[in-house]
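Trainee: I have this model open and would like to understand how its buried spots are built up. Please pick one and take me through it closely, then carry on to whatever else deserves a look.

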Amino acid sequence: MGIPEKYKINSLLHQKHYLVNGELIEWSGDTSSVLSTISSTKEYKQTVLGTIPQLGEKQALEALDSACNAYDMGKGVWPTMKVEGRISAMENFVAKMKTKREGIVKLLMWEIGKTLPDSEKEFDRTVDYIYDTIEDYKKMDRNSAKFEKNSGVYAHVRRGPLGVVLCLGPYNYPLNETFALLIPALIMGNTVVFKPAKHGVLLISPLVEIFRDCFPKGVVNIIYGRGRLLASPIMRTGKIDVLALIGHSTSAKALQSLHPRGNRLRLVLGLEANNPAIVLPDADLDLAINECIAGAMSFNGQRCTALKVLYVHESIVDEFNKRFSEKVDLLKFGNPWEEGVKLTPLPEVGKPDYIQELIDDALNKGGEIINKKGGERSENYIFPSVIYPVNKQMRVFHEEQFGPITPIVSFSNINEPLNDMAESNYGQQVSVFGSDAKTISPLIDTLVNLVCRVNLNSSCQRGPDVYPFTGRKDSAVATLSVHDALRSFSIRTFLAMKDTPYNNAILQDLLDKKTSNFISTDYIL
Ligand code: G3H
């Protein structure tokens, strides 16, 4: 099928600059091509979208210096700015960002293969996230716009920034998840070095100048190149206060281990999960199947909240498997802009081969592909395979596959999935399908202690973004919701003074003259 005119790639996007110290610096060194696994021609060929700079250690450290100078040991313009000032910078940013929707949505489709409705949703959700963050920050500020007195000591308690943040986002939500780190980090007064994800990098280009124009110099620094090559020397300096990363726990561990001053480093990490669904004998099967399809298949399973293993009670497993497999085979594969498309090209060239390895391993260990189209290959895709029966010897049972393959395990006793969850290195979310309150209640009481969100008769998901998004074990460090993220990127800090006439006169003067940006009892509208 032809590509609609408005989605064609008619010119290449060469990202020639990187942002350091408030300047767009032109790069004349090595560049790398940004390729899409979507073909523009009838004969399959990857599409070249443009190029990005391949910066090195020197530029990475310059970006770090720029962020450190902008923070200036807490004396910088941004960390000491009045809350209203930071809010107005953010309002300015989001207003300008909104004008770039069309271009960013198009790049989301080409760079990571996300469907048109989901790409639009990613953009709109991010804009909403920024507005919600601003509102929440105002609320937080209003709640602290006061003095309290205990045991003869006055206190004015607020939240202050942590310092310099290294921000690394993931390819599956290169805009939304990255900004869910970047925006709260910035609004709380931190300064940032930001490296866009490997896939989903050009879509940041329309925003680079806006970052430069809306924030004081050095507050946002954007660098391009290979993650390890840039992030490792930055971490080794020991100057990073917060590692904010959405990605894999192995990358997070490797980076945090490079930091020489462990207790200085705060972590805000959203990592992998292996979220299970548990389908009980009395579950509404239509509902369970629809939710499991959405949970396992949306964006081809490339979501950290995706359902990665389905535990189905042995009494209903045959019926479940039959209906689930038929539904999977009905999902339409195509390019992201095609009407009704649910499955789309995988952005990682090696992903179909990796999924194939998991399939072959499972087949060798007694599993079968139970849906007709499972494993069908094309140049940029491998159709979702439903694998049954799955046992613990199989790689697909343990590895967060992050792609189109769904293992099904049957169980007779509820302790089987519970024990597996307890043994697992992950603990983000679970879905439970059933209707009997007597069975579900004790299960919920246990599951909430194994993961951080129990989804009753619904698939796992992060949203709505006001709810806490976190995980146990290797699945997360710190909590990200609109509100919690503001807390994760800040620390309580306060002015305290004994209640004496001498101090009170000084304080009154401070309040009257409004000379401190920190001390304020103003109500921000
Ligand atoms: O990749 C992980 C995302 O946070 C999942 O978010 O549940 O809204 O797709 P989502």
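Mentor: Happy to! Let's settle one word before we start: a residue is called buried when its relative accessible area is under 20%, exposed when that figure is over 50%, and partly exposed in between. Please also keep in mind that this is a predicted model.

My pick is Asn190. With a relative accessible area of 0%, Asn190 falls under the 20% limit and is therefore buried. You will find Asn190 in the loop between α6 and β9, the latter covering residues 191-195. Look at what its side chain does there. One polar side-chain atom of Asn190 is 2.7 Å from the backbone nitrogen of Leu162. The backbone oxygen of Ala185 is also close at hand, 2.8 Å from a polar atom of the Asn190 side chain. Setting aside neighbours within four places in sequence, the residues in contact with Asn190 are Trp78, Pro161, Leu162, Gly163, Val165, Ala185, Val219 and Phe489. Leu162 and Ala185 thus appear again in that contact list.

From Asn190, step back into the helix on one side of its loop. Helix α6 spans residues 176-187 and packs against helix α3, residues 83-98, at an angle of about 150°, with the two axes 9 Å apart. On the α3 side the contact is made by Arg86, Ile87, Met90, Phe93 and Met97, and on the α6 side by Phe179, Ile183, Leu186 and Ile187. Sorted by class, that contact has eight nonpolar residues, one charged residue and no polar ones.

Next, the ligand. Its surroundings include Asn172, Tyr173 and Glu177, together with Arg125. Also around the ligand are Arg303, Cys304 and Thr305, and then Gln461, Arg462 and Phe469. Three side chains are worth zooming in on. Glu177 places a polar side-chain atom 2.5 Å from a ligand oxygen. For Arg303, an N or O atom of the side chain is 2.7 Å from an oxygen atom of the ligand. Arg125 has a polar side-chain atom 2.9 Å from a ligand oxygen. As for cover, the ligand taken alone exposes 310 Å², and the protein buries 96% of that.

Three other buried residues can be read in the way we read Asn190. Thr51 sits in strand β5, residues 46-53. Its relative accessibility is 15%, so Thr51 counts as buried. The side chains of Thr51 and His14 are joined by a polar contact of 2.6 Å. Not counting residues up to four places away in sequence, Thr51 touches Leu13, His14 and Gln15, the run Thr31, Ser32, Ser33 and Val34, and also Leu202.

Pro336 belongs to the loop between α11 (317-330) and α12 (351-364). Pro336 counts as buried because its relative accessibility is 0%. This residue and Lys114 are 222 residues apart in sequence, yet their C-alpha atoms are 5.8 Å apart in space. Beyond four places in sequence, the contacts of Pro336 include Ile38, Met109, Gly113, Lys114 and Thr115.

Phe433 lies in strand β21, residues 429-433. With 0% relative accessible area, Phe433 is buried too. Its contacts beyond four places in sequence include Ala277, Ile278, Val279 and Leu280, and also Asn457 and Ser458. The C-alpha atoms of Phe433 and Ile289 are separated by 9.6 Å, with their positions 144 residues apart along the chain.

Finally, some backbone details. Most residues other than glycine have a negative phi, and most peptide bonds are trans. Against that background, Asp72 has a positive phi of about 50° although it is not a glycine. Asp72 is in the loop between α1 (57-71) and α2 (77-80), and at 29% relative accessibility it counts as partly exposed. Lys473, also not a glycine, has a positive phi of about 50° as well. Lys473 is placed in strand β23, and its 40% relative accessibility makes it partly exposed.

There are cis peptide bonds to visit, too. One joins Tyr388 and Pro389, with omega about -10°, and Pro389 lies in the loop between β18 (385-388) and α13 (395-398). Another runs from Gly463 to Pro464, with omega near -15°; Pro464 is in the loop between β22 (453-456) and β23 (472-473).

How values were computed. Residues numbered from 1 in each chain as written. Predicted model: local features only at pLDDT ≥ 70, side-chain atom pairs only at ≥ 80, totals over all residues. Heavy atoms only, no water. Axes fitted to C-alpha atoms, helices over the stretch in contact; angles between N-to-C directions. Helix = DSSP H or I, 4+ residues; strand = E, 2+ residues; numbered from the N terminus. Contact = heavy atoms within 4.5 Å. Nonpolar A, V, L, I, M, F, W, Y, C, P; charged D, E, K, R; others polar. Near = heavy atom within 4 Å. Polar contact = N/O pair within 3.5 Å; in protein donor to acceptor, adjacent residues only side chain to side chain. Areas by Shrake-Rupley, 256 points an atom, 1.4 Å probe, with all protein chains shown as cover. Buried < 20%, exposed > 50% of the residue type's maximum accessible area, 1.4 Å probe, protein only.
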